[in-house]
Protein chains: 2
Amino acid sequence: MATPVHTAMRGLEDVVIGDSAISLVAGETGGLTYRGYDIRELALGTPYESVVHLLLTGSPPSEHPPRDLVRTLAARRTLPPEAQRVIDALDPLTPPMDALRTLVSALGNGQHPYPPTVEQGYELIGRAPSLLAFFVRRSRRQPLVPPDPALGHVANYLWMLSGVTPTPAQVRALEGYFILLADHGMNASTFALRVVLSTNSDLFAGATAALAALKGPIHGGAPARVSEMLDEIGSADRAAAWISDRLGRKELLYGFGHRAYKVEDPRAILLHTIARGVADPNRLALAEAVEREALAALRRARPSARLYTNVEYYSAVVLESVGLPREMFTPTFALARTVGWVAHALEQATGNRLIRPDVRYTGPTGLTWPRYGAGPP
Amino acid sequence: MATPVHTAMRGLEDVVIGDSAISLVAGETGGLTYRGYDIRELALGTPYESVVHLLLTGSPPSEHPPRDLVRTLAARRTLPPEAQRVIDALDPLTPPMDALRTLVSALGNGQHPYPPTVEQGYELIGRAPSLLAFFVRRSRRQPLVPPDPALGHVANYLWMLSGVTPTPAQVRALEGYFILLADHGMNASTFALRVVLSTNSDLFAGATAALAALKGPIHGGAPARVSEMLDEIGSADRAAAWISDRLGRKELLYGFGHRAYKVEDPRAILLHTIARGVADPNRLALAEAVEREALAALRRARPSARLYTNVEYYSAVVLESVGLPREMFTPTFALARTVGWVAHALEQATGNRLIRPDVRYTGPTGLTWPRYGAGPP
């Protein structure tokens with residue numbers, strides 16, 4: 001071929017696959033912006049639907065909160081009968097992330113063709129919490145909780161899942177989480193979606209692939225490990241000994257380090273702030289003590305590694321504090337990330353090119369197929 | 001960062017993402033091998049299950065056909081009740097590719113954890129034709145056809161879909177098609193699966209993402225266009241005028257050209273041979289006349305382009321000839337490709353590294369969020 005073959009690192013680390021104008025991850029300085037706006041301006045108190053508007057359309061809404069968008073998303077919460085039928089048909093023991101993937105896939109019924117539209121995006125974002133909440137309550141044999149049109153997108157999710165009206169502090173905290181997890185440049189789930197969209201397959205197919213990737217523990221599938229670690233440590237005075245023992249056995253501490261950030265993840269700082277406003281004081285004190293001891297121990301063990309608290313750590317504390325059970329941590333991350341996925345689908349469809357890399361063949365060549373004797377007829 | 005940033009072409013064309021020992025696509029010379037065996041040795045008359053064994057395990061089976069594997073796949077054809085429930089729940093108007101994606105996703109119910117195994121692969125390969133055939137017959141309001149344990153994998157698929165015992169010539173032809181479409185190095189659906197597996201998500205999640213990508217018309221989603229083109233042309237004597245008119249309007253001809261091959265796609269040659277053994281002579285003559293005229297016209301229009309007949313062209317003729325309706329062309333391609341997907345999932349899980357490329361941010365920076373006036377409460 002005329003073009004040279006690039007031998008990239010496995011994992012495509014630092015390989016630039018194209019341009020994007022959605023979010024900017026500044027790994028060296030610890031910055032994250034959405035459409036040019038610093039998440040420090042957005043995460044604490046901006047109405048959630050305003051950030052959805054920003055990410056999908058590229059600009060802030062003209063009113064605050066954007067009433068049309070609030071209504072549009074709320075109108076999608078009531079599911080069509082075939083979606084309800086698929087929820088009822090699924091094995092109730094299916095883990096929620098797998099169920100959400102199947103249910104989002106079932107929304108892709110041929111009625112939302114390529115190219116993706118903002119309207120299709122609202123359908124995905126608006127329906128996904130209902131799919132998840134209805135499935136989870138059914139699998140627990142709890143009565144279904146119908147959506148409440150008076151509640152915002154995030155508050156309604158907590159309501160449909162728990163059947164209890166969330167407190168304003170819980171709503172603010174989970175809205176902050178949803179804003180902070182809405183997009184993060186290129187990552188495995190967003191990339192899976194872009195590969196799918198690059199074949200001119202549709203948004204719901206792309207979101208299904210993204211959910212398939214987000215489930216993996218290396219990507220989105222393990223935030224509950226932080227809560228389990230905190231439970232195991234139990235109290236602040238046990239933190240130093242537990243961590244030292246753990247590192248001595250060459251085992252991992254959860255919630256520290258991120259491929260993209262060489263300084264503290266800005267989302268971790270903001271989620272810590274959010275946790276202060278909503279967490280049980282004892283749990284928060286435990287989390288802070290474990291964080292201090294863990295960072296000190298990790299830095300002693302690897303002074304050059306620049307390890308910091310990552311987004312997973314205080315995510316776990318925030319999600320616990322708004323009453324979410326641990327098996328809902330990754331699916332809740334997925335609901336937040338649907339917004340970024342829609343933005344990336346819309347961007348991929350603008351000047352698309354099929355994403356199709358190459359591999360280097362390292363197997364045998366020139367083998368001869370065995371001549372078998374006459375077998376049974 | 002210490003490592004240099006590689007600015008790759010959009011589409012990752014010619015970017016090598018790693019090593020693979022499954023299939024070798026020799027784009028310059030027109031060769032394709034599976035595990036070192038030339039497809040010209042495999043496509044005409046090798047029992048299908050022997051090639052499945054080869055691709056999944058890396059070696060030919062010790063007996064011919066491999067009776068254990070034939071039995072293993074046959075045993076997966078009867079679906080568990082929850083899979084049947086999801087089939088019944090889906091909107092019957094869902095296009096078959098979307099339905100197959102949702103149904104494969106529903107098989108991923110938490111019972112097949114990462115890492116992928118050959119056994120899980122047999123479950124995927126063995127169940128997928130039943131999922132598709134049951135869904136399609138139900139959507140047509142036809143009685144379901146139970147699997148026939150006396151038939152091989154491919155013959156049973158035709159039986160369950162049509163309720164008619166296929167002829168030996170049809171079975172041989174479709175087995176050849178299944179063998180030729182089983183794997184093709186790196187491609188968008190296989191890559192989507194590998195991105196998903198790289199997060200340590202499971203095989204069924206990966207296959208779901210692959211199905212999402214294969215649906216796109218740029219990848220697997222448009223082989224029926226060839227049949228439609230042949231219908232429109234209607235007879236060999238109209239081919240030259242139709243093609244000249246079409247090219248004059250700058251419209252595409254379907255079934256010619258492939259990013260990987262600079263010579264004739266070896267699968268196209270073998271599918272042509274297979275078509276000769278099963279197609280209606282008039283249809284075959286039309287296809288051959290259109291191919292001759294199309295290649296001549298394309299070469300006159302772009303003498304340097306090295307355009308050849310691709311896999312799509314005679315695939316359409318073969319799939320027509322075994323009695324498959326056009327909306328089943330892409331789903332049937334998907335069934336064939338499940339074998340390659342399993343092989344790639346197994347390979348990705350060996351020495352895995354998260355696949356996570358980067359993007360170049362081209363949007364605005366440093367914007368200030370508007371100060372809204374006091375809104376409604």
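**Close-up views of a two-chain predicted model**

**View 1. The rotation axis between chains A and B.** Within chain A, A:A209 comes closest to the rotation axis, its C-alpha lying at 2.1 Å. This is a predicted model, in which local features need pLDDT of at least 70 and side-chain atom pairs count only at pLDDT 80 or more, while totals for chains, interfaces and linings use all residues. Residues are numbered from 1 along each chain as its sequence is written, chains are lettered from A in the order in which they are written, and side-chain values use heavy atoms, without hydrogens and water. A turn of 180° and a shift of 0.0 Å along the axis lay chain A on chain B with an RMSD of 0.0 Å (superposed by least squares on C-alpha atoms of residues with pLDDT of at least 70 in both). The two copies are thus related as by a two-fold rotation axis.

**View 2. Helices α13 and α15 of chain A.** Here the axes of α13 (residues 266-278) and α15 (residues 311-321) come within 8 Å and cross at roughly 25° (axes are lines fitted to C-alpha atoms over the stretch in contact, and angles run from 0 to 180 degrees between N-to-C directions; helices are DSSP runs, H or I, of at least four residues). That makes α13(A) roughly parallel to α15(A) (angles under 35 degrees).

**View 3. A small-strand close-up in chain B.** Look for an open sheet of three strands in the order β3-β4-β5, with antiparallel pairing (strands are DSSP runs, E, of at least two residues; two strands pair if DSSP finds at least two bridges between them). Two bridges join β4 (residues 31-34) to β5(B), and B:T33 stands opposite B:D38 in β5(B).

Definitions and conventions
Parallel < 35°, antiparallel > 145°, perpendicular 65-115°, else oblique.
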